[in-house]
Amino acid sequence: MAVAAHATATWQPVIGDARTADTVRATGLDVLSRLRDPAVAEGAGAAAPRHGRPRWTPSSTAQGTCGLALAFGHLDRCLPGEGWDLAAHRHLAHAVDSTARHPVTGPGLFAGLAGTAFTTAYLANGRGRYRGLLDDIDDSLYDQVARLDDHGPRGPRAVGGPGLAVAAFDLVSGWTGVAAYLHSRPADPNRDRALNTLLGRLVDLCRDDDGMPAWHTPHHLIADEGMRERYPSAVANCGLAHGITGPLALLALAHADGPAVPGHTEAIRRAASWLAARHVDDPRGGGYPAVVALGERAPAPSPARDAWCYGSPGVARALWLAGTALADTGLTDAATAAVRAVLRRPVAQRRIASPGFCHGIAGLLQVTLRFAADTGDPEIIAGARRLVDQLLDEYQPRSPFGYRSIEPDGTRADRVGLLEGTPGVALALLAAAMPEPPAWDRFFLLS
C-alpha cells in the first residue's frame, strides 16, 4: 500500500529493554484482544457517554468498528499468522454491513467514505483484496471531488462573506482528510485528478485575503459553542484536527516528489511561516494556541494543551514535515524545540491526563515516536520512554478494556473508539515496542 512509502522505511522501537518491551507488547495485545468480537465493541461503543462527542457509528474509523478493523489490521502486520487478519476482516464486514441501515454519503476521513476506504486499503495491504469495495468508494469520492468545481474556482465559500467553516477543509471532515486518503493510494489518472483538485483547494486556502487568512472562520460559522462564546469575532484555527495545521501537513507530505499543483511550494511556506509565528511564550516553556482570534479587540492567544488535536505536538509535526519538504532547517529546528519543550514540562502542566489519542497521552506518545525516529535525539527518545511508562501506569487490567478515558467532568468511561479509546492507546504502545512501521498514523497525518 502506498501509505507505507511515506512512513519510516525501517522502524526502531524506542523500548530497548527486553523485559519492558515484552510488558508493553503484552499490554497492547491484551487491550485489543478484549475487542476481538465486533458485538462486544458495538455494545461498549453504544453505551459510552456522549459528553458532546459524536455518537458511535460502526462505519466510522474514528468512532466505530471500522477503526477497530484498522487496529487489528496493524496487529496482523505486527504478529502475522496469529489470526488477527480475520479479526480485522470481521470488524470491517460489520462496519460495511451497517451501511445498509445507515448509509455513508459524506466524504470525510474520520466518519465518512475516505475513512472506510483508508481502513480497507490498509487491510488489503497491496494484496488485491477488497478490490470491488475500494473501487466503489473511490468512484464515489472522485465524483464528489469533481463536483467541487460547481462551486466556482475556490470551492464552497461561507455564506455572507469570506472565510469558511473548518468542516469544509479540515482533516476530520473536509478536503484535507479526503486528500490524505487519496495521497496514500497508488497513482492513476482518476486518483491524480481528484487529488490535484483537492491540493489546489488547499493551496488556495493558504493565501492571504487583505490581511486575513483565507481559511479563517467567521464568528457565525464557529461550530463549537464554547469557542463561539469565548471569541466574539472571527478565529483562525491552529489545530491539526480542525485548523490550518492539517492542510499544511498534507501539502508537505504531497510535496515529497516535487510540487504537484501551481503555488504548492509557496503555500507551504506561507502557512508554515504564519503558524511558526504564532508561538506564544509562557512560564510553562511556551507553545502554540488552539485558535488565534481576529479583529481589533481580539484577546491575545495562549498556548493550548499539549495534544495531537490542538497544541504544540500536532503543530510541531506539521512544521517538521513542512521544513523537510522545503529543506528549511529553521522550521525543523522550531518543531524539534517545541517537542522538547513539551517533554520538559511537568506532566500535570501538559493538561492531557486521559490515556487516549486525540487529546491524551497516546497521541503525544505517537508524535514523540515520530520525532524520535526522524531525529535520533536522545532527549526525545527518553521522553518517549517516559510516556510509555505513563501509559503503563494508567493500565487497569481489571477494567473492561484495560484503559479508561477521563471525561470532561472528571469521571472515567470505557471508550473503545480509535480516536479517544483503547485501540489508539494499544497502537501507540505497539509502535513503541515493535519493529513494524506504524503506517496507520497517516490517518492522523503524522507520516
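Select T197 and display its surroundings: leaving out residues up to four places away in sequence, T197 touches V145 and L148, a contact being heavy atoms within 4.5 Å. The model is predicted, so local features need pLDDT of at least 70 and side-chain atom pairs count only at pLDDT 80 or more, whereas totals for chains, interfaces and linings use all residues. Residues are numbered from 1 along each chain as its sequence is written, and side-chain values use heavy atoms, with hydrogens and water left out.

**First stop: T197**

Colour residues 189–205 to show helix 8, in which T197 is found; helices are DSSP runs of H or I with at least four residues, strands are runs of E with at least two, and both are numbered from the N terminus. Next, add the backbone of R193: the side chain of T197 reaches its backbone oxygen at 3.0 Å. A polar contact is a pair of N or O atoms within 3.5 Å; within protein, one must be able to donate a hydrogen and the other to accept it, and residues adjacent in sequence count only if both atoms are side-chain atoms. With a relative accessible area of 18%, T197 is buried; that term means under 20%, while exposed means over 50% and partly exposed lies in between (1.4 Å probe, protein chains only).

**Second stop: T57**

Move to the loop between helix 2 (38–47) and helix 3 (65–78), where T57 lies. T57 counts as buried at 19% relative accessibility. Display Q63, G64 and T65 as well, since these are in contact with T57 when neighbours within four places in sequence are set aside.

**Third stop: A95**

Select residues 84–98, which form helix 4, and pick out A95 within this helix. A95 is buried, at 2% relative accessibility. Beyond neighbours within four places in sequence, A95 is in contact with P58, S59, T65 and C66. Draw a distance from A95 to T65: their C-alpha atoms are separated by 5.8 Å, although the two residues are 30 apart along the chain.

**The whole protein**

Zoom out and show the full cartoon, which has 17 helices and six strands. The radius of gyration, 20 Å, is close to the 22 Å that the globule rule gives for 447 residues, so the protein is as compact as a globular protein of that length. This radius is taken over C-alpha atoms, and the rule is 2.2 Å times the number of residues to the power 0.38. Along the principal axes, the C-alpha atoms fill a box of roughly 55 × 50 × 40 Å. Finally, colour by burial: buried residues make up 58% of the 447.
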